[in-house]
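Hi everyone, thanks for coming. Please bring the sequence and the structure up on your screens, and we'll walk through two spots together.

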Amino acid sequence: MAAMASLHLKTSPHSISKLPNPYSPAAAAASVALPIRRLRGATRISASLIDPDGGRLVELFVPESEKGSKLKAANELPRITLSEINLQWVHVLSEGWASPLKGFMREAEFLQTLHFNAIRLENGSVVNMSVPIVLAIDDAQKSRVGSSASVALVDDRDNVVAVLSNIEIYKHNKEERIARTWGTTAPGLPYVDEAITHAGNWLVGGDLEVINPVKYEDGLDRFRLSPAQLRDEFERRNADAVFAFQLRNPVHNGHALLMTDTRRRLLEMGYKNPVLLLHPLGGYTKADDVPLSWRMKQHEKVLEDGVLDPETTVVSIFPSPMHYAGPTEVQWHAKARINAGANFYIVGRDPAGMGHPLEKRDLYDADHGKKVLSMAPGLERLNILPFKVAAYDKTQNKMAFFDPTRAQDFVFISGTKMRTLAKNKESPPDGFMCPGGWKVLVDYYDSLSLSDNGRVPEPIPA
């Protein structure tokens, strides 16, 4: 297994005039062939946060002074009940994670997302958008909407959450959506089974106005910082660089090594105060992933035990659902962090990947995620940081960067192995994970074994 490629900055984006068609094969080939500008101390350092896509954050909240009239009008509209995942997408849209989107996608935005992984704005500029953010309705719902230009979006208790205005209803071609997002239509894709297969055959797009911001009342709302709130926090900490690390698993010392080493290298470049955004995914995840509340409790222990420095780390929840769509989805993960102010994004092996649902192999090539990120349309401003491979070094009794010249000294502890140890209440090798974090993981699997149906109330982090 090779060590990581050099930490690098992506080259400056070509202007639209020089690339009339940024999606053409020739343009893609040109972007691959461009020389890589490496991170050096001489690189110009900027203390300002990166601008959001489209130049400004697009938050979709109704002003407090207008809520009463909006709610009264919404109660007269046809109603669409949101699923749990659709409610998560309302949350994502409302806070500006998908800026400059102004609501669920209309057909033109949907097609550009599917076929180009990007959307062209009215001014001719291109922003990345690789995952469709759409709202499906069935024939009965479509009939109830009728000729109305607006619909009310309600939660499972029939409370109005938002209004979708100037709507457009168009065909939901599920097979095309699945094939182009996941690269396969094989059965067993978790998000497809959960949110697409049984969804309606129509999509409704329009301008979103959120009357009641999405809250989960699960004890974790304090961690759910919006892009605007994160930007305020980075400014408060005088961050001159923000590097984002997404995860949906417990943090072990290998992850911590990658994050602390990234900060060290940014300091060597000349940045004075790089701040880590530790950003666990908080939307839908598949059934065998560790639930969010347990992960957050584990992350807190990592900070309490000093594995990561609380002074230079911001822990927040990213509200997006998880697709497990590999190189397609990792673009969405990176793009959303631009809107939160991150100008560096750490990417590892097989980001957003999963095992093939039918065959004993990975669904995606492990290196394609970082390669795609380095040349994805609309992500030219983001610095992609491919990280080194970390493994357990038996000679040092700790996690370290893998050295292929002494491969016999290293042990790779897979997620499966980690789960097996935790389930059996066995301890991992010293130095693999902080004791407090490991205890949380053991407690989680212990609670499952004590539950009759494998589901237990999720704990509220302290």
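Which helices and strands do the buried residues of H8 pack against? Before I answer, some housekeeping: this is a predicted model, where local features need pLDDT of at least 70, side-chain atom pairs count only at pLDDT 80 or more, and totals for chains, interfaces and linings use all residues. Residues are numbered from 1 along each chain as its sequence is written, and side-chain values use heavy atoms, leaving out hydrogens and water.

So, helix H8 spans residues 227-236, and its buried residues are Pro227, Leu230, Arg231, Glu233 and Phe234. Buried here is under 20% relative accessible area, exposed is over 50%, and partly exposed is in between, with a 1.4 Å probe and protein chains only. These buried residues cover an arc of only 160° around the axis, which puts them on the same side of H8; the arc is taken from the directions from the helix axis to the C-beta atoms. Their packing partners are helix H3 (84-95), strands S10 (241-247), S11 (274-280) and S12 (313-315), and helix H11 (326-339), where contact means heavy atoms within 4.5 Å. Asp232 and Arg236, on the other side of H8, are exposed.

Now to our second spot. Helix H10 (residues 292-304) packs with helix H14 (residues 435-450) at an angle of about 160°, their axes 7 Å apart. H10 and H14 are therefore roughly antiparallel, a word used for angles over 145 degrees. From H10, Trp294, Lys297, Gln298 and Lys301 meet residues of H14 including Val440, Asp443 and Tyr444.

Notes:
Axes are lines fitted to C-alpha atoms, for helices over the stretch in contact, and angles run from 0 to 180 degrees between N-to-C directions. Helices (H or I, at least four residues) and strands (E, at least two) are DSSP runs, numbered from the N terminus. Angles under 35 degrees count as roughly parallel, over 145 as roughly antiparallel, 65 to 115 as roughly perpendicular and the rest as oblique.
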